[in-house]
Amino acid sequence: MKKLINKRTIASLLSLIICFGLFAQIALAQTSFGLNYASASDLGTRNLKETVFSIINIILGFLGIVAIVIILYAGLTWMTAAGNEEKVTKARSTLIAGIIGLAIVLASWALAQFILSSLMKATT
């Protein structure tokens, strides 16, 4: 029966593994992983907590603007209904939905402010 693995094959595999390991060490020793590029290109040096805090505020601000637009649309629909009860009913339901959405956005903003400020105080 013929051997599948002989000494020459094992030596070749070991030398290949050692070469790849050495090349990887040389490549890693010469790179800085781009850590100094953030400050050099004015990308900012804020930590992750502040960044997440800002992203949540931006998202909730956008949702608040959407709720205000829905309320304005409902008011415009109501004003242009010209006495049509179907349009008034639709505008009233849209207005109620917009107000409920705005209340949910404001409550979630207050909750996020409380939680994130508590986390900031606890971790600093």
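At 39% relative accessibility, Ile68 counts as partly exposed, and this residue is found in helix H3. The model described here is predicted. Its chain has four helices and zero strands, so that, by the DSSP runs used to assign elements, the order from the N terminus on is α-α-α-α. Of the 124 residues of the chain, 11% count as buried. The points below concern H3, H4, the loop between them and a nonpolar patch on the surface.

**Packing of H3 and H4**

- Two packed helices are described by the angle between their axes and the distance between the axes.
- For H3 (residues 48-79) and H4 (residues 85-123), the axes come within 8 Å and cross at roughly 165°.
- That angle makes H3 roughly antiparallel to H4, because angles over 145 degrees are placed in that class.
- The handedness of the crossing of H3 and H4 is left-handed.

**Pairs of residues across the two helices**

- Ile68 of H3 and Ile99 are separated by 31 residues in sequence, while their C-alpha atoms lie 8.3 Å apart in space.
- Ile68 also pairs with Gly101: the separation is 33 residues in sequence and 9.1 Å in space, C-alpha to C-alpha.
- Gly101 is found in helix H4 and, with a relative accessible area of 25%, is partly exposed.
- Gly98 likewise has its place in helix H4, and its C-alpha stands 8.2 Å from that of Ala74, with the two positions 24 residues apart in sequence terms.
- Gly98 has a relative accessible area of 2% and is therefore buried, the cut-off for that class being under 20%.
- Ile68, at 39%, is partly exposed, as is Gly101 at 25%, because both values fall between the cut-offs of 20% and 50%.

**The loop between H3 and H4**

- Ala82 is found in the loop between H3 and H4.
- The phi angle of Ala82 is near 55°, which is a positive value in a residue other than glycine.
- Ala82 counts as exposed at 78% relative accessibility, because the exposed class covers values over 50%.

**Nonpolar surface patch**

- Ile55, Ile59, Phe62, Leu63, Val66 and Ile70 make a nonpolar surface patch of about 520 Å².
- Ile59, one of the residues of this patch, lies in helix H3.
- The relative accessible area of Ile59 is 47%, so this residue is partly exposed.
- A place in such a patch requires over 30% relative accessible area, and Ile59, at 47%, has a value over that cut-off.

Key:
Residues are numbered from 1 along each chain as its sequence is written. This is a predicted model: local features need pLDDT of at least 70, side-chain atom pairs count only at pLDDT 80 or more; totals for chains, interfaces and linings use all residues. Side-chain values use heavy atoms; hydrogens and water are left out. Patches are made of residues with over 30% relative accessible area and no salt bridge: like charges are joined within 9 Å, nonpolar side chains (Val, Leu, Ile, Met, Phe, Trp, Tyr) within 5 Å. Accessible areas come from the Shrake-Rupley method with a 1.4 Å probe; for residues, only the protein chains shown count as cover. A salt bridge is a side-chain nitrogen of Lys or Arg within 4 Å of a carboxyl oxygen of Asp or Glu. Buried means under 20% relative accessible area, exposed over 50%, partly exposed in between (1.4 Å probe, protein chains only). Axes are lines fitted to C-alpha atoms, for helices over the stretch in contact, and angles run from 0 to 180 degrees between N-to-C directions. Angles under 35 degrees count as roughly parallel, over 145 as roughly antiparallel, 65 to 115 as roughly perpendicular and the rest as oblique. A crossing is left-handed if the near helix is turned anticlockwise from the far one by less than a right angle, and right-handed if clockwise.
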